[in-house]
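The following exercises concern strand pairing and the nonpolar core. Please inspect the sequence and the coordinates before working through the solutions.

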Amino acid sequence: MAATFAHPRRTGDLAGSDPRGPRTSVCEPIVRVSLEVPIDKIGAAMPAVARLGAAVETPSLQGDLAITESVLPATGAARALQRQLPG
């Protein structure tokens, strides 16, 4: 599994909904993860990623591997994912 830090994900506005006034945004740090999983294990890997709140792309197949990209919250989710994946 490869992980890189990406731009923070915007999680919401704190101040008012008037588009003409000042606004404050709260951003959550995220990690972009590339998973290379044996095809017979992808059925276990994708739900594990989704449980961590990840946005998961449809896997592509390359030989006997399924490769997918995901975006996870950076609050320890990448390490939690490593513990949940088979093998």
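**Exercise 1.** How many residues lie between E4 and E5 in their hairpin, and which residue in the turn has a positive phi?

*Solution.* This is a predicted model, in which local features need pLDDT of at least 70, side-chain atom pairs count only at pLDDT 80 or more, and totals for chains, interfaces and linings use all residues. Residues are numbered from 1 along each chain as its sequence is written, and side-chain values use heavy atoms, with hydrogens and water left out. Strands (E, at least two residues) and helices (H or I, at least four) are DSSP runs numbered from the N terminus.

Step 1. Two residues separate E4 and E5 in the hairpin.
Step 2. Gly-63 in the turn has a positive phi of about 65 degrees.
Step 3. E4 (residues 60-62) runs antiparallel to E5, joined by three bridges; Ser-60 has Ile-67 as its bridge partner in E5.

**Exercise 2.** Determine how E2 and E3 pair with E5.

*Solution.* Strands pair if DSSP finds at least two bridges between them.

Step 1. Nine bridges link E2 and E5 in the antiparallel sense, with Val-37 opposite Ala-66.
Step 2. E3 (residues 55-56) pairs with E5 over two bridges, also antiparallel; Val-56 is partnered by Ser-70.

**Exercise 3.** Which elements give two or more residues to the largest nonpolar core?

*Solution.* Such a core is a set of buried (under 20% relative accessible area, 1.4 Å probe, protein chains only) Ala, Val, Leu, Ile, Met, Phe, Trp, Tyr and Cys residues joined through side-chain atoms within 4.5 Å.

Step 1. The largest has 14 residues; Val-33, Leu-52 and Leu-72 are among those with the most contacts inside it.
Step 2. The contributing elements are E2 (25-38), H1 (42-51), E5 (65-73) and H2 (77-84).
Step 3. Seven of the nine residues of E5 are buried, so this strand is largely enclosed by the rest of the structure.

Terms used
Buried means under 20% relative accessible area, exposed over 50%, partly exposed in between (1.4 Å probe, protein chains only).
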